[in-house]
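Q: I've got a model open on my screen and I'd like to learn how to read it. Can you walk me through some features, one at a time?

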Amino acid sequence: MPALIALLWIVISLFAQVLIFNHLSLAGGVVLFYLYMAVKLPVELPRPLQIFIGFIVGFILDMFSSTPGLHAFACTTIMWMRLPLLHMYVVAEDIKNGAPTLQKLGFETFMRYLISITIVYSLLLYLTEAFTLFNIVSFLCRVSLSVILTFIVLMAVEIASTRR
Amino acid sequence: MLNLLRFFAKNLPFFTWLLLALVSSVLLFQRNPYQRSVWFGSANAVCGSLYEMSSNVTGYFGLRQINEDLLVRIGNIEEENLMLRQQLQRYADADSVLLVPRQYNYQIAHVINNSITSAENYLTLDKGENDGVRVGMSVADQNGAIGIVSKVSSRFSQVISVLNPKLRLSVCLKETDTFGSLVWDGKDPAYAWLEDLPRNVRFQEGDTVITTGYGSSFPRGINVGRVVSAKDASDNNFLSFRIELFTHFDCIHDVLVIDNRLRDEELQINQ
């Protein structure tokens, strides 16, 4: 059942990204809503499977934005790094199964975890993109704005889903 | 052997990542956007249908601006039409001028997806191979040039936008006919650069830039933008102009797909 819910979340966040968030931008910065999947995927899933899910999600995003390989690479890599990033702030024994949530981690730890994932992912994505086109000003602009926007939106979604 | 297998098993996450990262890199480094399979782009049936559904809703946004642009365009064309009619009247006896075959064929298509925020931007149109759209056809709207068709599936097509560094469009100054290439630098979707102009070119700020018709996609004379300022590249003998694009890329709904009937012939002779 948790797997089904996770799958549903992935599909919903993909739809939201492709149809809504990709079209709202602030000076090149975009809300990377699908990162919610990387933040919240249950930790007990086999890691190779998590990485594979990342690849599939990235590949689908690439299909919609006609940039083969770009999101696939960044998503694969962030899914590989999410547990090491999580374990920087939480001891592995403390969170053995289920999704990392605000409730389980506490406000400060969750915020740190979320901001690390957002920063690492934005750097990965926009550095990979920089192979096509490198411009330091727009690069910094895109990274910082995407991090801020994504952080705010994902934090809001998490807080909203906790209050029940 | 057993040790090797154990090593693999122990580092399975790493090797999964390595394999998938390699696959992504292969996709990433296929340079030519025309050579990729249609499945990797937004013109495939799944993406196309989804975008079509969403554009049924968003298609109504910004209609006031578009309406205004269209009226301005109609005004210009009306004026030009009147002038041409008067000129034609003078040659009415020599009917040979009327026998020039039509080289370009225009077809209306609707934009169902559009991006201006990526480093490489593409659009998706709701017309495909079934409607006669082919790779290499040019796309423009009432304001100016938009891009070139790079992928077609049976019902949809993908257009590589002017806002994509992989497209270099051949354009010229309307006044002097000096030509160069139009390139986007990835910063502002309202501006692009006109590069490779000789240093001695005469120009004024506000000069209109149009397509040259070279490269057999765009007909000659489609509006592109106006010169804002010049930049002196000190390392070579060329001049660059910053161009304000006429096309409002954030507000494109209905476009014209332009088919050059002599394209194959032109390409053949250029080979």
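A: Happy to. Keep in mind that this is a predicted model. Let's begin with a strand, β2 (residues 122-125) of chain B.

Q: Which way do the side chains of strand β2 of chain B point, and are they buried or exposed?
A: The general idea: in a regular strand, side chains alternate between the two faces of the sheet. Here, Tyr122(B) and Thr124(B) point one way, while Leu123(B) and Leu125(B) point the other way. All four of these residues are buried.

Q: Which strands pair with β2(B), and in what sense?
A: On one side of the story, β1(B) pairs with β2(B) in the antiparallel sense, over three bridges. One bridge joins Asn113(B) to Thr124(B). Strand β5 (residues 157-161) of chain B also pairs with β2(B) in the antiparallel sense, over four bridges. There, Tyr122(B) has Ile160(B) as its bridge partner.

Q: Now salt bridges. Where do Glu120(B) and Lys166(B) sit in the chain?
A: Glu120(B) is in the loop between β1 and β2 of chain B, and Lys166(B) is in the loop between β5 and β6 (169-173), so the pair links parts of the chain 46 residues apart. Their side chains meet at 3.4 Å, N to O. Glu120(B) counts as buried because its relative accessible area is 9%, which is under 20%. Lys166(B), at 23%, is partly exposed.

Q: What about Arg168(B) and Asp196(B)?
A: Those side chains form a salt bridge too, at 3.5 Å, N to O. Arg168(B) lies in the loop between β5 and β6 of chain B, and Asp196(B) in strand β8 (residues 191-198), 28 residues apart. Both are partly exposed, with relative accessible areas of 46% for Arg168(B) and 37% for Asp196(B). Together with Glu195(B), they are linked in a network of salt bridges.

Q: How many salt bridges does the rule find across the interface of chain B and chain A?
A: Zero. The rule does find five residue pairs in polar contact there. On the chain B side, α2(B) gives the most, with 12 residues. That side divides into 18 nonpolar, 13 polar and six charged residues. The two chains bury about 3,200 Å² between them, 72% of it on carbon and sulfur atoms.

Q: And in chain A, is Thr118(A) buried or exposed?
A: Thr118(A) counts as buried, at 0% relative accessibility. Its place is in helix α6 (residues 107-129) of chain A. Leaving aside neighbours within four places in sequence, Thr118(A) is in contact with Leu35(A), Val147(A), Thr150(A) and Phe151(A).

Definitions and conventions. Residues are numbered from 1 along each chain as its sequence is written. Chains are lettered from A and ligands numbered from 1 in the order in which they are written. This is a predicted model: local features need pLDDT of at least 70, side-chain atom pairs count only at pLDDT 80 or more; totals for chains, interfaces and linings use all residues. Side-chain values use heavy atoms; hydrogens and water are left out. Buried area is the accessible area (1.4 Å probe) that two parts lose on being put together, summed over both. A salt bridge is a side-chain nitrogen of Lys or Arg within 4 Å of a carboxyl oxygen of Asp or Glu. A polar contact is a pair of N or O atoms within 3.5 Å; within protein, one must be able to donate a hydrogen and the other to accept it, and residues adjacent in sequence count only if both atoms are side-chain atoms. Helices (H or I, at least four residues) and strands (E, at least two) are DSSP runs, numbered from the N terminus. Ala, Val, Leu, Ile, Met, Phe, Trp, Tyr, Cys and Pro count as nonpolar, Asp, Glu, Lys and Arg as charged, and the others, Gly among them, as polar. Buried means under 20% relative accessible area, exposed over 50%, partly exposed in between (1.4 Å probe, protein chains only). Two strands pair if DSSP finds at least two bridges between them. Contact means heavy atoms within 4.5 Å.
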